[in-house]
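Student: Could we take a close look at one part of this model, the stretch that interests me most for its buried side chains? I'd like to see how it fits with what surrounds it, in one connected account.

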Amino acid sequence: MASSTTFLVLTALLALLSWQAIASDPSPLQDFCVADKDSHVRVNGFVCKDPKDVKADDFFLAANLDKPRDTTVSKVGSNVTLINVMRIPGLNTLGISLARIDYAPLGENPPHTHPRATEILTVLEGTLYVGFVTSNQDNKLFTKTLNKGDVFVFPEGLIHFQFNPCPDKPAVAIAALSSQNPGAITIANAVFGSKPPISDDVLAKAFQVEKKTVDWLQAQFWSDNHN
Ligand SMILES: *[C@@H]1O[C@H](CO)[C@@H](O)[C@H](O)[C@H]1NC(C)=O
């Protein structure tokens, strides 16, 4: 009897744990919870606007995602247009967002992670060399060259990148992300471009280079490719 109770408790715990692992954002408890951006109440996400005041426009954005973006602004030669809850308030609590990514010839979306989302990406134009690295200790690299129409997945939290290997053609991708607010941490920017800078003693040891190499890296302009 006691062991079957233990079994039930363990099964319930496992079910909870696996639910946690598959749901990126918490599941909604109502049809929708359109973000009330004016509220001063702080919750995880945004508080809900009164459903009586909700309109179709709360779920809409004339985002012009069919139009190419300028890839010459950022030094990495790419431009990420992210449609998250800040742009569409109706996304609040729904655990999903969308991005268009434009790549200049030889442009890249540099190594970065989304702390709160898995990403699924499809190539609309051109070719992309993509990859992600698993967590410690293995740090195993998975890569693939994607052509138009191909789809690739970047698991939640892992460092990943996309590079356009073509010297004379741009590339375009559309990505869906499993969070209303996936977040992005561009590795180089976060490590070498933090404000204020991380101590060069810390980074010299971490990267096993001389402090002057770290100082040089920290003096660079770490441009963001996000809109
Ligand atoms: C992205 O493209 C838009 C429109 O083409 C441009 O206004 C913007 O400055 C670009 N942003 C970045 C970060 O490259």
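Tutor: Happily! A residue is called buried under 20% relative accessible area, exposed over 50% and partly exposed in between, using a 1.4 Å probe and the protein chains only. This is a predicted model, in which local features need pLDDT of at least 70 and side-chain atom pairs count only at pLDDT 80 or more, while totals for chains, interfaces and linings use all residues. Residues are numbered from 1 along each chain as its sequence is written, and side-chain values use heavy atoms, leaving out hydrogens and water.

Let's start in strand β2, which spans 97–103 (strands are DSSP runs of E, at least two residues, and helices runs of H or I, at least four, numbered from the N terminus). Arg100 belongs to this strand, and Arg100 is classed as buried because its relative accessibility is 5%. Asp102 sits in β2 too and is buried because its relative accessibility is 4%. The side chains of Asp102 and Arg100 make a polar contact at 2.7 Å (a pair of N or O atoms within 3.5 Å; within protein, one must be able to donate a hydrogen and the other to accept it, and residues adjacent in sequence count only if both atoms are side-chain atoms). Looking across from Arg100, Thr122 is 22 residues away in sequence, with 9.9 Å between the two C-alpha atoms.

Strand β2 also feeds the largest nonpolar core, supplying at least two of its residues (such a core is a set of buried Ala, Val, Leu, Ile, Met, Phe, Trp, Tyr and Cys residues joined through side-chain atoms within 4.5 Å). This core has 19 residues, and Tyr103, Leu121 and Leu128 have the most contacts inside it. Among the other strands that each supply at least two residues are β1 (78–83), β4 (119–125) and β5 (127–133). The top contributor is β9, with four residues.

Now follow the chain out of β2. In the loop between β2 and β3 (108–113) you meet Leu106, which has a positive phi of about 65° although it is not a glycine. Leu106 is partly exposed because its relative accessibility is 48%. You will find a similar backbone feature in the loop between β5 and β6, where Asn139 lies: its phi is positive, about 45°, and Asn139 is not a glycine either. That loop also holds Gln137, which is joined to Asn136 by a cis peptide bond with omega of about 5°.

Finally, the ligand. Its shell includes Arg69, Asp70, Asn79 and Asn227 (a residue counts as near if one of its heavy atoms lies within 4 Å). One ligand oxygen atom is 2.9 Å from a polar backbone atom of Asp70. A polar side-chain atom of Asn79 is 2.3 Å from a ligand oxygen atom, and a polar side-chain atom of Asn227 is 3.1 Å from a ligand nitrogen atom. Taken alone, the ligand exposes 360 Å², and the protein buries 65% of that (areas by the Shrake-Rupley method with a 1.4 Å probe; for residues, only the protein chains shown count as cover). Domain 1 (25–183) and domain 2 (186–227) each give at least three residues to the shell, with bounds that come from an automatic or database domain assignment.
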